[in-house]
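These are my notes from a first look through a structure I had not met before. I kept them short and in the order I looked things up, so you can follow along.

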Amino acid sequence: MERGGLGRSLTSILSGSYDTPADNGPAAAASNADAGLSLAYETLTLLVRSRQLRDAVAVVDDPTLGRQLLVAGRRPLTAEDEDRFDGPPGCHTDPSSSVSALERELVHRICAAALRCAALEPEPAAAIDQLEIALRRLPGVFGVALDEEDPIVEVHASSGTEPDLARRVGSLARAHLEDVLTVDLVRRARLPEPPAAMTEPPAAAE
């Protein structure tokens, strides 16, 4: 597998450096090979740091999981993130002017590939990835916020999902984490219907 090499290439591109990193031996190679879903988050974080951004979000359409949002730092989603859910897939940055279209496309492709690989793995190597993929497989789930040091799990799901989704989220969290402080399910609000007067064309003036 070439996940480690892909990550190093991205580092060189975003930092503007084309130096070849030193080979740290088999241990480093194994670590890179097992990057899994973490590669997506490391890529987003690298983009934020190298370009001094406030934030970076990847909107990915996965053939198995459906549309998914990945945010730098695995932080909870905001209303602005959910607005991007309705837009086209890609990498969105704040500010957008600091990142070229090529960089955003590259980051989006890496995030999509990392998510696809993690979804296809029978059991991701990292425990936090195991939990996240299990949560993202639940119907209607499109965003997951996790913190390895602080046992808080926040799951974002579409409105109209099955009634026992909260129970299933809690069961998965307890099965994968030794200590769970908080499990929070955030259902996405339905978009308001436009007023009837706005749905009909205005009458022609006489």
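**Confidence first**

I began with how far to trust what I see, as this is a predicted model. The mean pLDDT of the protein chain is 77, and 73% of the residues score at least 70. I then looked for the weak stretches. Residues 1-33 stay under a pLDDT of 50, and the model gives them 30 contacts beyond four places in sequence. Residues 191-202 are also below 50, with two contacts in the model beyond near neighbours in sequence. A reminder to myself: where pLDDT is low, the predicted coordinates should not be read in detail.

**The whole chain**

I counted eight helices and six strands in the protein chain. Written along the sequence, the pattern is α-α-α-β-β-α-β-α-α-β-β-α-β-α. The chain has 206 residues, and 39% of them count as buried. For the accessible surface I noted about 11,700 Å², with 53% of that belonging to carbon and sulfur atoms. I also checked contacts between residues at least 6 apart in sequence: 64% of these join residues at least 24 apart.

**The sheet with β1**

In which order do the strands of this open sheet lie? I read β2-β1-β3, three strands with antiparallel pairing. At the edges are β2 (66-71) and β3 (90-94), each paired on one side only. From one strand to the next, the twist averages 15 degrees.

I followed one pairing by hand. Strand β1 covers residues 55-62 and pairs with β3 over five bridges, in the antiparallel sense. Asp 55 has Asp 94 of β3 opposite it. Asp 94 came up again when I looked at peptide bonds: a cis peptide bond links it to Pro 95, with omega about 0 degrees. Pro 95 sits in the loop between β3 and α5.

Helix α5 (residues 101-120) was my next stop. It lies across β1, β2 and β3, and runs at about 55 degrees to β1.

**The sheet with β5**

There is an open sheet of three strands in the order β4-β5-β6, and here the pairing is mixed. The edge strands are β4 (141-146) and β6 (182-187), with a partner on one side only. Ignoring direction, neighbouring strands of this sheet are turned by 15 degrees against each other on average. Strand β5 (residues 152-157) runs parallel to β6, and six bridges join the two. Across from Val 155 I found Leu 185 in β6.

**Helix α6**

Helix α6 spans residues 127-136 and lies across β4 and β5, at about 155 degrees to β4. How many residues of α6 are buried? I got nine of the 10, so the helix is largely enclosed by the rest of the structure. Among the buried ones are Asp 129, Glu 132 and Arg 136, along with Ile 128 and Leu 131. I then asked what covers the buried residues of α6. The cover includes α3 (38-50), β2, α5, β4, β5 and α7 (165-176).

**Two residues with positive phi**

I picked out two residues other than glycine for their backbone angles. Gln 52 has a phi near 50 degrees, a positive value, and is placed in the loop between α3 and β1. Arg 74 has a positive phi near 55 degrees, and is found in the loop between β2 and α4 (79-85).

Is each of them buried or exposed? Gln 52 counts as exposed because its relative accessibility is 71%, over the 50% cut-off. Arg 74 counts as buried because its relative accessibility is 9%, under the 20% cut-off.

I stayed with Arg 74 to see what surrounds it. Its side chain makes a polar contact of 2.9 Å with the side chain of Asp 129. With the side chain of Glu 132, the side chain of Arg 74 makes a polar contact of 2.5 Å. Both of these partners are among the buried residues of α6. Leaving aside neighbours within four places in sequence, the contacts of Arg 74 also include Ser 38, Tyr 41, Ile 128, Val 144, Ala 145 and Leu 146.

Methods
Residues numbered from 1 in each chain as written. Predicted model: local features only at pLDDT ≥ 70, side-chain atom pairs only at ≥ 80, totals over all residues. Heavy atoms only, no water. Helix = DSSP H or I, 4+ residues; strand = E, 2+ residues; numbered from the N terminus. Buried < 20%, exposed > 50% of the residue type's maximum accessible area, 1.4 Å probe, protein only. Contact = heavy atoms within 4.5 Å. Areas by Shrake-Rupley, 256 points an atom, 1.4 Å probe, with all protein chains shown as cover. Pairing = 2+ DSSP bridges. Axes fitted to C-alpha atoms, helices over the stretch in contact; angles between N-to-C directions. Polar contact = N/O pair within 3.5 Å; in protein donor to acceptor, adjacent residues only side chain to side chain. pLDDT = per-residue confidence, 0-100.
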